[in-house]
Amino acid sequence: MEGATQQPGEGQGPTPEEIQARVEEQLAKVRVHDLLLESVVGILNLAARRIAKEDERDLDQARLGIDAVRAVVDLLEPEPARAVRDALAELQMLYAREAGGKESAGGPPAEDSGADAASAPPEPPPARGAGGDLPPRLWTPPGSSGSSG
């Protein structure tokens, strides 16, 4: 048997100590701003899904997501914050359209719904699929394609 001269740990997964060292190395590089942005993007995407996908629709969860993003968007760095605000405005308009008259407690969660809607750039609504649902797509902030500069 030629494989009998295998070194300990060779051909096996990393040891718990090696895994711990890798995690520690990665944590040393992570910034809170980065983690916050990733969390906000995830919340935006999930809230959009809770509005757009009929079989997963949960407007209370969508509203919670919108409120959560609104609460932390000012903590983001300026450039991603602008992109998040744009995505949030689109999400709020989608929420308002879907909630329509169904909302019993004061309508959509936009603070300045009139001012925000008036200042938002007039963009066409996203294309709808054959079933009327929005196509599943994930929003990512500009410049977050994995290259950290």
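The following legends describe close-up views of a predicted model.

**View A. Helix H2 and its buried residues.** Helix H2 comprises the 21 residues 32-52. At 1.5 Å a residue, a span of 30 Å is expected, and the end C-alpha atoms lie 30 Å apart, in agreement with that value. Buried positions of H2 are Leu-36, Leu-37, Val-40, Val-41, Leu-44, Asn-45, Ala-47, Ile-51 and Ala-52. These residues occupy an arc of only 165° around the axis and therefore fall on the same side of H2. Their cover includes helix H3 (59-72) and helix H4 (78-99). Val-32 and Glu-38, on the other side of H2, are exposed.

**View B. A nonpolar surface patch.** Ile-19, Val-23 and Leu-27 make up a nonpolar patch of about 260 Å² on the surface. Ile-19 belongs to helix H1 (residues 16-29). With a relative accessible area of 43%, Ile-19 is classed as partly exposed.

**View C. The salt bridge between Arg-31 and Asp-34.** The two side chains meet at an N to O distance of 3.4 Å. Arg-31 is partly exposed at 39% relative accessibility, and Asp-34 is likewise partly exposed, at 33%. A network of salt bridges links Arg-31, Asp-34 and Glu-77.

**View D. Salt bridges of Arg-49 and Lys-53.** The structure contains ten salt bridges. In one of them, Arg-49 pairs with Glu-56, with 2.5 Å between the closest N and O atoms. Arg-49 has a relative accessible area of 35%, and Glu-56 has one of 22%. Lys-53 forms a salt bridge with Asp-55, the closest N and O atoms being separated by 4.0 Å. Lys-53 is partly exposed at 22%, whereas Asp-55 is exposed at 64%.

Methods
Residues are numbered from 1 along each chain as its sequence is written. This is a predicted model: local features need pLDDT of at least 70, side-chain atom pairs count only at pLDDT 80 or more; totals for chains, interfaces and linings use all residues. Side-chain values use heavy atoms; hydrogens and water are left out. Helices (H or I, at least four residues) and strands (E, at least two) are DSSP runs, numbered from the N terminus. The expected span of a helix is 1.5 Å times one less than its number of residues. Buried means under 20% relative accessible area, exposed over 50%, partly exposed in between (1.4 Å probe, protein chains only). The arc is that of the directions from the helix axis to the C-beta atoms. Contact means heavy atoms within 4.5 Å. Patches are made of residues with over 30% relative accessible area and no salt bridge: like charges are joined within 9 Å, nonpolar side chains (Val, Leu, Ile, Met, Phe, Trp, Tyr) within 5 Å. Accessible areas come from the Shrake-Rupley method with a 1.4 Å probe; for residues, only the protein chains shown count as cover.
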